[in-house]
Amino acid sequence: MSNIQWFPGHMTRAKRDMQENMKAVDMVIELRDCRIPESSRNPMIDQIIQNKPRLIVLSKKDKGDPVEIEKWIQHLSNETTTVIAMDLTKDPVIASLTSACQKIMQPKIDRMIRRGIRPRAIRAMVCGIPNVGKSTLINAVAKKKIAETADRPGVTRSLKWMKLNKNLELLDTPGILWPKFEDQKVGYHLAITGAIRDQILPMEDIVRYALERLIKEYPDRLSERYKIELCDDPDEVLRRIAAARNFLKAGSEADIKRTMEVFLNELRDDRLGCICWEKANEEK
Ligand SMILES: Nc1nc2c(ncn2[C@@H]2O[C@H](COP(=O)(O)OP(=O)(O)OP(=O)(O)O)[C@@H](O)[C@H]2O)c(=O)[nH]1
Ligand SMILES: [Mg+2]
């Protein structure tokens, strides 16, 4: 979990660093959390990467709703953007990235071949907001005994590259973007998925938001997990969970704080199933 506190100075610096590195790459691999593809996106990214081809990797596929993820893939794909979903902790990262990046860059590679230029390996940069899996992706690649790490001068400093194979090289430092907090929902989504520290928003608000959504969209999961009869009021649902779990304070009063903590932990642990908190065709 990230401890970075973003201030305007950090944002300017992060943006400048990314723009510098952008000059050395052919394309960008933008990571987003598949459960919150909008909330885990930084709107500045379009401006930063300009017209470079982009691969969006929806990470944590194992934690999201497969039907919704498929809709997101369709929704986000366009002429310059290819979208894949991955469990970065288990899926074959190198093979998936290589084939996706090659497909994206094929027109450029073909043009080079036609002009008699021998194509070199594709160079890509990974980027994303905190917690989307940048380090996990880079570590998965680094662990696989990369043939060599090329040291090549970048624009202003030497950049380190990880050579995945003869077709693809990744910049070894990811571009770090900051989350946007333009509406409260975004904050809740980031908090539920662990992208921001718990102290940033009041736990009651996060839990109430999550419960309201679950009551509407996945009532059975709630009633089955906690063996409770459901109602529309999240506070009453919490009291019923407390009673069902026997979470009591001295004097047999319901221990709501403990109930909220347990609920949030179980939710993050996928005990209530795989959930996408944002839907692809939802009006925003
Ligand atoms: N289940 C699952 N967990 C993942 C996946 N990708 C990353 N994680 C976990 O998510 C957490 C955050 O991943 P990181 O790789 O540290 O994310 P990051 O983008 O480097 O985050 P910062 O360094 O804070 O910017 C870690 O606990 C990872 O193990 C995935 O595809 N599936
Ligand atoms: Mg990291």
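Reader: Before we get into the ligand, what counts as a polar contact here?

Author: A polar contact is a pair of N or O atoms within 3.5 Å. Keep in mind that this is a predicted model.

Reader: Cool. How far is a polar side-chain atom of Thr136 from an oxygen atom of ligand 1?

Author: That separation is 2.5 Å.

Reader: And Lys134, what's the distance from its polar side-chain atom to a ligand oxygen?

Author: For Lys134 the distance to an oxygen atom of ligand 1 is 2.8 Å.

Reader: Which side chain has an N or O atom 2.6 Å from a nitrogen of ligand 1?

Author: Asp62 does.

Reader: OK, so how much of the ligand's area does the protein bury?

Author: The protein buries 72% of the 650 Å² that ligand 1 exposes when taken alone.

Reader: Which residues come nearest to the ligand?

Author: There are 16 residues around ligand 1, and Asp62, Leu88, Asn131, Lys134 and Thr136 come nearest.

Reader: How does that shell divide into nonpolar, polar and charged?

Author: Six residues of the shell are polar, while five are nonpolar and five are charged.

Reader: Switching topic: how many disulfides does the count come to?

Author: Zero.

Reader: Why no bond for Cys127?

Author: Because the closest cysteine sulfur, in Cys101, is 12 Å from the sulfur of Cys127, which is too far for a bond. The cut-off for a disulfide is 2.5 Å between the sulfur atoms.

Reader: Is Cys127 buried or exposed? And Cys231, buried or exposed?

Author: Cys127 is buried, at a relative accessible area of 0%. Cys231 has 18%, and since buried means under 20%, Cys231 counts as buried too.

Methods: Residues are numbered from 1 along each chain as its sequence is written. Chains are lettered from A and ligands numbered from 1 in the order in which they are written. This is a predicted model: local features need pLDDT of at least 70, side-chain atom pairs count only at pLDDT 80 or more; totals for chains, interfaces and linings use all residues. Side-chain values use heavy atoms; hydrogens and water are left out. A residue is near a molecule or strand if one of its heavy atoms lies within 4 Å of it. A polar contact is a pair of N or O atoms within 3.5 Å; within protein, one must be able to donate a hydrogen and the other to accept it, and residues adjacent in sequence count only if both atoms are side-chain atoms. Accessible areas come from the Shrake-Rupley method with a 1.4 Å probe; for residues, only the protein chains shown count as cover. Ala, Val, Leu, Ile, Met, Phe, Trp, Tyr, Cys and Pro count as nonpolar, Asp, Glu, Lys and Arg as charged, and the others, Gly among them, as polar. Buried means under 20% relative accessible area, exposed over 50%, partly exposed in between (1.4 Å probe, protein chains only).
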